[in-house]
Structure formats: C-alpha cells, structure tokens
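Hi everyone, thanks for making time for this. I'd like to walk you through a structure that may be new to you, so let me put it up on the screen.

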Amino acid sequence: MTTTHTAPSAPAPVTLLGTGAMGSALARAWLAAGHPLTVWNRTPARTAALAAEGAAVAAGAADAVAAGTLVVLCLLDDASVREALDGVDLAGKDLVDLTTGTPAAARARATWAAARGARYLDGGIMAVPPMIGVPGAGGYVFYSGSRELYEEHRAALEVPAGARFVGTDPGHAALHDVALLSAMYGLFAGVSHAYALVRSEGIAPSSLAPLLSQWLGAMGHFVQGAAGRLESGDFTSGVVSNLAMQVAGAPTLLRTAEEQGVSAELIAPYLELMARRLAADPAHGAEDTAGAIGLLSR
C-alpha cells in the first residue's frame with residue numbers, strides 16, 4: 001500500500017507598503033515565517049533594516065504592487081494610501097488596508113478598489129508593534145470586506161497576529177476597531193480621574209492601583225449585561241443599582257472633585273447623560289443605566 005503525502009504549500013509572497021513602527025513589525029513577522037516579502041516606503045531609508053533581514057525593496061509603489069497578488073497597506077492615513085496608489089495598476093490585486101481610518105473611508109476605498117479591478121479587505125489592528133508576531137501576546141486584527149480574499153490569504157494574514165473576520169461590509173473592521181478604542185479611552189478617563197483625586201491627598205497611585213484594577217474587573221459584568229439589555233429592550237429586569245440611585249449619587253462625585261481641586265471634565269459628561277435620561281421621564285429611574293445609551297444616537 002502506497003501512502004501519498006501532500007507537501008505543505010510554500011508561504012505566499014506578500015507586498016507591504018509602509019514600514020513605520022507597525023509596518024516593520026508586520027514585515028518581520030512575515031519574514032520570520034518564511035514569506036517572500038517586498039516592501040516599499042516613501043522614505044527609502046526606512047526599508048534598509050528590512051532589506052538586511054531579507055526583504056526585497058521596491059523602487060516605487062507601482063513596482064511593489066507588481067511584485068505579487070497580496071498587497072498590504074500600513075500607511076499613515078487614507079490620504080497616504082490614495083497618494084501611494086495613484087496611477088498604479090491594481091487589476092487582479094488583493095488589497096488589504098491596515099491603515100487606521102473610519103468606516104466611511106473604508107467603504108469608499110473598497111468602491112475605489114473595485115473600480116480598478118482589485119478585491120479589497122479592510123483591517124483594524126488591535127495591537128501595538130511589540131505584540132506583533134508574538135504568540136500568546138493577545139493581539140489580533142479585525143478584517144471586513146471580501147470574504148473570498150480573506151479565506152484565500154488567511155494563512156498569511158494570521159502570521160503577524162490573530163485574524164477576526166467581522167463581515168462583508170468593508171466598514172465593519174474600522175467600526176469594531178474604533179468601538180473598542182473608544183471604550184478604552186473611556187476607561188483611561190476614569191482611571192485618570194481616580195488618580196487625580198488621590199494624588200491631591202498625597203496617596204501614592206501605586207497603592208490605589210491594585211484596588212482600582214480589582215474594582216474595574218468586578219464591574220466588567222456591565223459589558224455583557226448592557227449588550228443583553230440593548231438587544232432585548234428590557235432595562236428594568238434584575239436591576240441592582242438603578243438609574244435614580246446613580247443620578248442621586250452623582251453630586252457626591254462632583255463635590256468631591258471640587259473639594260480635591262480636580263476637574264470633573266472626564267466624568268461629568270456621563271453623569272450628565274444619566275441625568276438627562278431620568279429628566280426625560282421619571283419612570284426611567286427604575287432602569288439600568290444602559291438605557292441612557294440611546295441618547296447618544298443622533
């Protein structure tokens with residue numbers, strides 16, 4: 001009996017436009033995994049280190065794009081993408097745009113790419129450069145747009161970081177990216193306010209840090225709970241600390257900030273949002289605070 005063994009396919013060639021901090025991290029991950037890599041950067045000197053590590057350096061963006069089918073963009077902004085690809089033949093190319101942008105910009109870029117004969121996939125990187133190419137670091141990339149492109153190049157896309165496809169709407173990767181970043185900044189705002197309060201009393205931030213981490217972790221249940229309430233429309237079942245209680249307690253937070261000589265600018269908008277929800281109808285007082293989220297939609 002003869003056993004046939006299928007040889008593993010060779011790593012696919014990748015073209016990368018943009019070799020800043022993130023682009024260089026991506027490049028090194030693909031090189032380490034054995035992918036033939038062609039790179040281009042508007043400032044040629046920034047490709048020198050990668051050339052020494054085995055990357056082919058293209059003289060121009062058009063030359064880089066011509067080198068292979070899979071073309072990854074990791075540039076400064078959408079204007080940089082437009083400038084780099086202006087006049088470049090994109091017919092038959094698969095564009096993966098990891099440049100940070102808005103959902104609307106991603107949709108417009110997908111239409112632009114299709115008109116030039118290219119498939120398009122947008123990406124939102126949920127990692128910092130040191131996390132790229134490091135197994136277990138927790139970084140990943142949201143992708144949206146052409147599912148066919150995603151599936152065909154998935155092996156290469158998963159090399160630098162985990163890959164999560166979030167839909168065929170090209171704008172959904174950017175939307176997921178910005179949603180998570182917005183929540184992050186909201187968290188940073190609260191943490192910053194907390195540290196400002198205790199510093200005025202000479203309390204070391206390092207002594208508050210473990211308490212703060214533990215408390216924020218305990219409050220993590222709000223994330224899933226709010227999702228369920230928004231989807232069901234039920235803001236009253238199983239409420240532990242209702243909106244009326246939260247609004248009643250807000251003045252204490254504001255007075256404490258004033259007494260400590262700390263600006264309340266980081267927390268006041270959320271407190272005001274809850275107050276607006278209650279003022280609109282006293283019946284909302286029995287609700288969970290997630291009901292106030294509806295006031296954010298214009």
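Let's begin at one small spot: in strand 3, Ala 56 is the bridge partner of Thr 38. One thing to keep in mind throughout is that this is a predicted model. Widening the view a little, strand 2, residues 37-40, pairs with strand 3 in the parallel sense, over two bridges.

Now zoom out to the whole sheet. Eight strands make it up, and it is an open sheet with mixed pairing. If you read across it, the order is 3-2-1-4-5-6-7-8. The edges are strand 3, at 56-57, and strand 8, at 162-165, and each of these pairs on one side only.

What lies across strand 6 and strand 7? That is helix 8, residues 172-199. Strand 6 covers 119-126 and strand 7 covers 140-145, and helix 8 runs at about 10 degrees to strand 6.

Next, please find helix 1, residues 21-32. From first C-alpha to last, its 12 residues reach 17 Å, close to the 16 Å expected at 1.5 Å a residue. Is helix 1 mostly covered or mostly open? It is mostly covered, with nine of its 12 residues buried. Among them are Met 22, Gly 23, Ser 24 and Trp 30. And what do the buried residues of helix 1 pack against? Their partners include strand 1 (14-17), strand 2, helix 2 (48-52) and strand 4 (70-73), and also strand 6 and helix 7 (154-157). Following helix 1 comes Gly 34, which has a positive phi, near 90 degrees.

That brings us to the nonpolar cores. The largest has 31 residues, and the members touching the most others are Leu 37, Val 96, Ile 132 and Tyr 143. Helix 1 gives the most to this core, with seven residues. There is also a second, separate core of 21 residues, which includes Leu 17, Trp 40, Ala 58 and Ala 64.

Let's look at Ile 132 for a moment. Leaving aside residues up to four places away in sequence, Ile 132 touches Met 22, Ala 25, Leu 26 and Ala 29, along with Ile 125, Ala 127, Pro 160 and Ala 161.

My last stop is Arg 109, which sits in helix 5, residues 103-115. Why does Arg 109 count as buried? Because its relative accessibility is 5%, and buried means under 20%. Again leaving out residues up to four places away in sequence, Arg 109 touches Asp 78, Val 81, Arg 82, Asp 97 and Tyr 120.

Thanks for listening!

Definitions and conventions. Residues numbered from 1 in each chain as written. Predicted model: local features only at pLDDT ≥ 70, side-chain atom pairs only at ≥ 80, totals over all residues. Heavy atoms only, no water. Pairing = 2+ DSSP bridges. Helix = DSSP H or I, 4+ residues; strand = E, 2+ residues; numbered from the N terminus. Contact = heavy atoms within 4.5 Å. Axes fitted to C-alpha atoms, helices over the stretch in contact; angles between N-to-C directions. Expected span 1.5 Å × (residues − 1). Buried < 20%, exposed > 50% of the residue type's maximum accessible area, 1.4 Å probe, protein only. Core = buried A, V, L, I, M, F, W, Y, C linked by side-chain atoms within 4.5 Å.
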